[in-house]
Amino acid sequence: MKTNVEEKDLKSGDLLICSTNRLLGRMIKKVSKSKYSHTAQVIKAYGEILVIEAQREGVNVINFETWRKKYNYNYLVARPDKTVVKDTTLFARNALSKTALRNYDIKALFIDFPIYIYTGTWRGPKNEAEALMENKWNCSTFTGWCFGFKEWWLKSPQNIYEDCVKSEHFKFL
């Protein structure tokens, strides 16, 4: 697996699995017992490579180069096959449909996920309908939803990575 794939090699629908040593990233890695602290998606629109992700300010879109400079993540790229992302335009449209949301799920990040990881008891939404009704996102739940991962509302960045490794439908670049 290569890290930090060049922008010219990215395609719409690529999944970015990221790590940083900034304070929040270190906290996320510690509470989630993970090597990874963030996930995001790549979309191509109007000839530009963009990153769509959930950060503290909610779900947003940012130019790839700006994203790279702003966050300075180390990242892996997992490329889905056509069974996961059948139509990159539809994938981008679905992901973009959440950009008006500013409901970042701080509670899940620092309370629900640590409790779940350490005890096995999930205190957040019990199913997809509840998760969609609650309409709060963090990076990995948003990524899980975008790619249709099973039980996406329970995902951490580490879970996203592990699901990609186990899946025959993702290839790491």
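Start by selecting helix α4, residues 106–119. Helices here are DSSP runs of H or I with at least four residues, strands are E runs of at least two, and both are numbered from the N terminus. How far apart should the ends of the 14 residues of α4 be? The expected span is 1.5 Å times one less than the number of residues. For α4 that gives 20 Å, and the end C-alpha atoms are 19 Å apart, so the two values agree.

Before you click on, a word on what you are looking at. This is a predicted model, where local features need pLDDT of at least 70 and side-chain atom pairs count only at pLDDT 80 or more, while totals for chains, interfaces and linings use all residues. Residues are numbered from 1 along each chain as its sequence is written, and side-chain values use heavy atoms, with hydrogens and water left out.

**Still on α4**

Where does α4 bend? Go to Asp 112, where the helix turns by about 35 degrees. That bend is the angle between axes fitted to the seven residues ending there and the seven starting there. Now look for a proline: Pro 114 follows within four residues.

Next, colour Ala 108, Leu 109, Asp 112, Phe 113 and Pro 114, which are the buried residues in α4. Buried means under 20% relative accessible area, exposed means over 50%, and partly exposed is in between, using a 1.4 Å probe and protein chains only. As background, an α-helix has 3.6 residues a turn, so residues three or four places apart point the same way. The cover over the buried part of α4 includes α1 (23–31) and α6. Step off the end of α4 and you land on Gly 120, with a positive phi near 85 degrees.

**Over to α3 and α6**

Select α3 (residues 88–96) together with α6 (residues 139–147). Two packed helices are described by the angle between their axes and the distance between the axes. This pair packs at about 145 degrees, with axes 10 Å apart. The axes are lines fitted to C-alpha atoms over the stretch in contact, and angles run from 0 to 180 degrees between N-to-C directions.

Which residues meet here? Show Phe 91, Asn 94 and Ala 95 from α3, then Phe 142, Trp 145, Cys 146 and Phe 147 from α6. Contact means heavy atoms within 4.5 Å. Sorted by class, the α3–α6 contact has six nonpolar residues, one polar and no charged ones. Nonpolar covers Ala, Val, Leu, Ile, Met, Phe, Trp, Tyr, Cys and Pro; charged covers Asp, Glu, Lys and Arg; the others, Gly among them, are polar.

While you are in α3, pick Thr 88. Thr 88 is partly exposed, with a relative accessible area of 31%. Its C-alpha atom is separated by 9.0 Å from that of Lys 11, 77 residues away along the chain.

**The loop after α6**

Now follow the loop between α6 and α7 (157–166), and stop at Glu 151. Glu 151 has a positive phi of about 50 degrees although it is not a glycine. Most residues other than glycine have a negative phi. Glu 151 is partly exposed at 41% relative accessible area.

From Glu 151, jump to Glu 128: the two C-alpha atoms are 7.1 Å apart, with their positions 23 residues apart along the chain. Glu 128 lies in helix α5 (residues 128–134) and is partly exposed at 37% relative accessibility. Neighbours within four places in sequence aside, Glu 128 is in contact with Trp 152 and Trp 153.

Back in the α6–α7 loop, select Ser 156. Is Ser 156 buried or exposed? At a relative accessible area of 6%, Ser 156 is buried. Not counting residues up to four places away in sequence, Ser 156 touches Ser 32, Phe 113 and Ser 140.

**Helix α7 and a last loop**

Move on to α7 and show its buried residues: Pro 157, Gln 158, Ile 160, Tyr 161, Asp 163 and Cys 164. They pack against β1 (15–19), β2 (38–45), β5, α6 and β6 (170–172).

Finish at Asn 72, in the loop between α2 (64–71) and β5 (74–80). Asn 72 has a positive phi, near 50 degrees, in a residue other than glycine. With 59% relative accessibility, Asn 72 counts as exposed.
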